[in-house]
Amino acid sequence: MTMRRLLASMLSTVLVGGTVTVVLTQTPTATAERRAQDPIVIAHRGASAHRPEHTLLSYEAAIAMGADYIEPDLVSTKDHVLVARHENEISGTTDVAARPEFAGRRTTKTVDGRPITGWFTEDFTLAELKTLRAKERVPDLRPDNTAFDGLAEIPTFEEVVKLALAHGVGVYPETKHPTYFDSIGLSLEEPLLDVLNRYRVRKAYIQSFETANLRDLRGRTRLPLIQLITFGGAPYDWVAAGSTRTYDDMVKPEGLREVAAYASGIGVDTRRVVPVDASGATTAPTTLVADAHRRRLDVHVWTVRNENSQLPADYRLGNPASPVYPRATGNVMGWLSRLLELGVDGAFCDDPSMGRAVVSKHGSRHAA
């Protein structure tokens, strides 16, 4: 275990709201060569179990908890600046709906084939977005996070990169709705690469649920690319092109062979590795991890969350009759341990401290 991992493990239960002052570095690695090392902990939208997601507060807390990478989902502003939001529709993650000066911006758009009503980042300049304040997206599940509502701005991708570099962690950006943003003249890939290249970022993965933009990026960057794969559905660029292929085709051996031609790994719903039955309980694992490894593809799973309602039924703890049972912490350590034993190379965690503790224990056991 490196000194950074040891220190991070000691900090695993500490929540930090301010800037981290200790700078710790780690040599970046990627693809199959990583499998001789500990799996990576990816802070899903920052420490989103403890702070409103995609804020510097959340990313700072994640760094203190020992995350190897912090994950910003990227969308564009009207003036073509990338900002960190889970979606370009921002009524659920900011106070925009309460801002009378922006009432006229509410509209309905079709994004990836679905009509959505609200306020969209591409209708705001960066200066306008910076006047908004972030709030907790799921207050019923994470009521404690509402204490931070109104404190944080929407960060730019550049701000997230600068924070990561200052503290020796990696970035793991996702391009959100690339086909949609292409269609309105706000392509995500060029400003993404501009920031990464200007700051000479070497510790990074780039991820997407679509395929065409990853294929394009393969010829423009040496950074590892991750093909995201949901439990159902299909990449929207395939849908837009009229293809009948789905993500189910992508996880077959021939599909993985195709992915390996442009990507370094796959980021998959945990149910692709360990399915669940009708009751929500886990069943026998699939062969996906081994199949992907045979193609020299890393496997990162998403999303490991603490709450009972977010865990498989056989990893929930407590009294189901309790009104707080859905948000009570279940056996998340046991769940992540099972995934690691199946050979996954990394996990997206809403609580990086929990991920760090489990990965540290897993690494120590394998080193013994």
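Helices here are DSSP runs of H or I with at least four residues, and strands are E runs of at least two. With that in hand, let's work through this predicted model.

**Exercise 1. Find how many helices and strands the protein chain has, and what share of its residues is buried.**

*Solution.* Start with the elements: the chain contains 13 helices and 13 strands. Next, take burial, where a residue counts as buried under 20% relative accessible area. By that cut-off, 54% of the 368 residues are buried. Finally, turn to the outside: about 15100 Å² is exposed, and carbon and sulfur atoms supply 54% of that area.

**Exercise 2. Work out what share of the contacts with a separation of 6 or more joins residues 24 or more positions apart.**

*Solution.* Take the contacts in the protein chain with a separation of 6 or more, then pick out the pairs 24 or more positions apart; these account for 69%.

**Exercise 3. Describe the largest pocket: its volume, its central residues and its lining.**

*Solution.* First, the volume is about 890 Å³. Second, 41 residues line this pocket, and Phe209, Thr230, Asp269, Trp302 and Thr303 are the closest to its centre. Third, the elements giving two or more residues to the lining are β8 (174-175), β9 (206-208) and β12 (298-304). Last, sort the lining by character: 15 nonpolar, 13 polar and 13 charged residues.

**Exercise 4. Do likewise for the second largest pocket.**

*Solution.* Begin with the space, about 280 Å³. Then look to the centre: of the 15 lining residues, Ala49, His50, Arg142, Asp144 and Glu307 lie nearest. To finish, the lining splits into five nonpolar, four polar and six charged residues.

Methods:
Residues numbered from 1 in each chain as written. Predicted model: local features only at pLDDT ≥ 70, side-chain atom pairs only at ≥ 80, totals over all residues. Heavy atoms only, no water. Buried < 20%, exposed > 50% of the residue type's maximum accessible area, 1.4 Å probe, protein only. Contact = heavy atoms within 4.5 Å. Areas by Shrake-Rupley, 256 points an atom, 1.4 Å probe, with all protein chains shown as cover. 1 Å grid on protein atoms, 1.4 Å probe; cavity = no way out; pocket = protein on both sides within 12 Å on 5 of 7 lines; lining within 4 Å. Points joined across faces, edges and corners; volume = space filled by probe spheres on them. Nonpolar A, V, L, I, M, F, W, Y, C, P; charged D, E, K, R; others polar.
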